[in-house]
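Visitor: I am new to this structure, and I would like to learn how its descriptions are justified. Could you show it to me and let me ask about the words you use?

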Amino acid sequence: MEGNNVAYTIVKDYVPAAKYARKCPYTMKAKSITVHNTWNDAPAVNEVTYMKNNDKYVSFHDAVDDKEVRLAVPHTRNTFHAGDGKDGKGNRTSIGIEICYSRSGGKKYEMAEENAVHYIASLLKQYGWGVDRVKQHYD
């Protein structure tokens, strides 16, 4: 996507099916989007690679940086991003988006945040949702 000072590519980098039991064990009908900051300075590829390669019950759907949106888990599967347990509304019904480079701020973070705004707007349009469906982690 390009225009309005926003430029990102979408890269599919999904969790392997062998990891579904730990990372995204349940089917999901998304009802909202929950936005997070990674609180470190890594690009999306590093965030997704780290999440895929560990065995923790922590996961998210997409990571957004200054250049790309990296899709890690299909939006039809749950992820463990909201801190509300295996049956919580956040984890079971919300698409988890991670914005990269948030620890130090600066130009990369500003661009990642701008890319996230446009990507999330595209998801809202795709699902026919209003901005009221966008949540923060503490919601």
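Guide: The side chain of E68 makes a polar contact with the side chain of R70, at 2.7 Å. This is a predicted model, in which local features need pLDDT of at least 70 and side-chain atom pairs count only at pLDDT 80 or more, while totals for chains, interfaces and linings use all residues. Residues are numbered from 1 along each chain as its sequence is written, and side-chain values use heavy atoms, with hydrogens and water left out.

Visitor: What makes the pair of E68 and R70 a polar contact?

Guide: The term asks for a pair of N or O atoms within 3.5 Å, where within protein one must be able to donate a hydrogen and the other to accept it, and residues adjacent in sequence count only if both atoms are side-chain atoms; the distance here is 2.7 Å, so the pair qualifies.

Visitor: Why is E68 called buried or exposed?

Guide: Buried means under 20% relative accessible area, exposed over 50% and partly exposed in between, with a 1.4 Å probe and protein chains only; E68 has 13% relative accessibility, and therefore counts as buried.

Visitor: Why is W39 called buried or exposed?

Guide: W39 has 56% relative accessibility, so W39 counts as exposed. W39 also has a positive phi of about 60 degrees although it is not a glycine.

Visitor: What is the phi of Y101, and why is Y101 called buried or exposed?

Guide: Y101 has a positive phi of about 65 degrees, although it is not a glycine either, and because its relative accessibility is 9%, Y101 counts as buried.
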